[in-house]
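Subject: Structure for your review, with notes on pockets and cavities

Dear colleague,

I am handing over the structure we spoke about, and I would be grateful if you could look through it alongside the notes below.

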Amino acid sequence: MFSRPSLCGNLGRLCRSGTAAAISAPTTLPALSALALSDARGYHEVVGDIICPSQVRGIDHIRDPRLNKGLAFTLEERQVLGIHGLQPARFKTQEEQLQLCKIAVNRYTEPLNKYLYLSDLHDRNERLFFRFLSENIEDLMPIVYTPTVGLACQRFGLIYRRPHGLFVTFNDRGHIFDVMKNWPEPNVRAICVTDGERILGLGDLGACGMGIPVGKLALYTALAGIKPHQCLPIVVDVGTNNIDLLEDPLYVGLRQKRVVGREYDDFIDEFMEAVVKRYGQNTLIQFEDFGNHNAFRFLDKYRNNYCTFNDDIQGTAAVAVAGLYASKRITGKSLKDYTFLFAGAGEAAIGIADLVVKGMVAEGVPIDEAYSRIFMVDIDGLLTKTRKVGSLDGHKVNYAKDIEPMADLEQIVSTLKPSVLIGASACAGLFTPKILRTMGENNERPIIFALSNPTSKAECTAEEAYQNTDARVIFSSGSPFPPVTMGNKTYYPGQGNNAYIFPGVGLGVICTGTHHIPDDMFLIAAQELANFVEPTDIERGSLYPPLSSIRDVSMNIAIGVTKCAYDKGLASTYPEPQDKRKWLEDQLYNFNYESSMPVTWTWPRMPYIKTRELVPTKLYGKKKNEEIL
């Protein structure tokens, strides 16, 4: 729950507006005096990134998390703002506060308790929260994002405290724009939206899926420096088909089965139109954790009309392809030299496969040949043109082969002899020891990616992959795994986390005002990420740079996306900056405290000019003691 802000700010402003003044106190609000109405203050008074000093009182610097600095207010600030005495006498630096945050979060042993502490910190002190997160991303990424965010979604009804995003329900159809107007921030540039149907590998969580867009947008700020007030998490609540949730007394969403068909599509259409009407055509809309049957439909439907992408399809694809690019340093082979087998044929698998095809085409491989090197397995077995069970709907048809059907994964691996095995099935333990050993027997350096989230849904563990291939495996996973020791060497498997990709893409898109997001931008992001991998990373068993360097990775990706946007004529921010790095850096969020004192300045001394004598002006009218006309 790490996003801005509470909706009380609009209510506070309404109470001080002319509308509130027109309310008849004796009949409508008998308990409120006029003084109480005039003193009503919202919890969040500050919107945008330009503060109007005349609209902010001293006490607001403590109440509003965007202004609050805790004990870091100086004596002068406390006295001038009128908050002196409201805090203890101790004065702390932000660095001292960061040390206390680390001590406090480490007191908890349960990840969910750490999540709740961070949520509370964000509600109290925004800058401290984001600086703490950005400087400790290796430790805190598993808390604010996968795998802990999955548990937070499952317990959402229990841990919900106050609004951190916008809930747009199916009951609001026809009035979605009116709901959008209730969000108090006027300059939203990035929206992450989910309908909660496929949260990670946990299934349909309905409105409880809010934890996903909240966590994603927290990483936009922590990893790419996008300003928090420019980010808006949204759940479109159309119900849930999860019976356990429908019967759960703590469930916070619409207690009804999911709306489907034409009504659902019209509802999403209205949502997209409302976003553009409220925030503009260039507002980035990131689709997250929609069901497989809707994810590709919406991507194909909206990608050329809106500034949108699907992170489960394109973000996952970019980070996986980046791992494949990095693996070339070990195998000495190009993408065209690999044979790929995907376990899973959902949005993640097809997204990766599509980007692999694009990567091979960029290497000069004909597109038909590129498709021929990729095999895919779904729940009904190998995708073939002759199989009699299962469907070949949507993008699956591109990967169906004219060969005999096979249903057993062990048989498929043994027959096809793939050099790359990628799991995106959300089926724990799917890569059995026999399959892993077969991969090791058929390849000198087998490439195995177990990408399903959370950790409990991974196709295999890092330890299983290393043990069953005599430590020759080139391994990556979607969730973090502990180091693996084989003999005298310890391997630190890299996590193919989408967080390497989407913050940098988002920064470049937002700053350039890009109209539409082509797949080329994600291939560029994959290349930039792979270029950041050092030989020492490869040596320790990781295909990705340390998470501690992810902010630098995001900046490089943003620069690449910016160049692409201007080269393809997709940008709307002109003139094109020459020094793109500096231009991007100038637009980043400042994690450090700023002075709370009003800005003052001196004027030059006025020159002496002798003025004429002041003579009272006589009023013309009637004589003395008569009324003046």
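What follows is a description of the pockets, a cavity and a surface patch.

Please keep in mind throughout that this is a predicted model.

The largest pocket holds about 1100 Å³ of space, and its lining is made up of 48 residues, with Asn292, Gly346, Glu347, Ala348 and Ala424 lying nearest the centre. At least two lining residues come from each of helix H17 (292–302), helix H18 (311–331), helix H19 (347–362) and strand E7 (374–378), and the lining as a whole divides into 18 nonpolar, 18 polar and 12 charged residues.

The second largest pocket has about 750 Å³ of space and is lined by 32 residues, of which Ile51, Leu67, Arg127, Glu594 and Ser595 are nearest its centre. Helix H6 (75–81) and helix H9 (126–135) each contribute at least two residues to this lining, which consists of 15 nonpolar, 9 polar and 8 charged residues.

As for enclosed space, a search of the whole structure gives 2 cavities of 30 Å³ or more. The second largest cavity has a volume of about 30 Å³, and among the 10 residues lining it, Phe156, Tyr160, Arg162, His164 and Met210 are the closest to its centre; that lining comprises 7 nonpolar, 2 polar and 1 charged residue.

On the surface, Val599, Trp601 and Trp603 form a nonpolar patch whose accessible area comes to about 500 Å² together. Val599 lies in the segment after helix H28 (580–585) and is exposed, with a relative accessible area of 69%.

With best wishes

Conventions
Residues numbered from 1 in each chain as written. Predicted model: local features only at pLDDT ≥ 70, side-chain atom pairs only at ≥ 80, totals over all residues. Heavy atoms only, no water. Patch = residues over 30% accessible without salt bridge, like charges linked within 9 Å, V, L, I, M, F, W, Y side chains within 5 Å. Areas by Shrake-Rupley, 256 points an atom, 1.4 Å probe, with all protein chains shown as cover. Salt bridge = Lys/Arg side-chain N within 4 Å of Asp/Glu carboxyl O. Helix = DSSP H or I, 4+ residues; strand = E, 2+ residues; numbered from the N terminus. Buried < 20%, exposed > 50% of the residue type's maximum accessible area, 1.4 Å probe, protein only. 1 Å grid on protein atoms, 1.4 Å probe; cavity = no way out; pocket = protein on both sides within 12 Å on 5 of 7 lines; lining within 4 Å. Points joined across faces, edges and corners; volume = space filled by probe spheres on them. Nonpolar A, V, L, I, M, F, W, Y, C, P; charged D, E, K, R; others polar.
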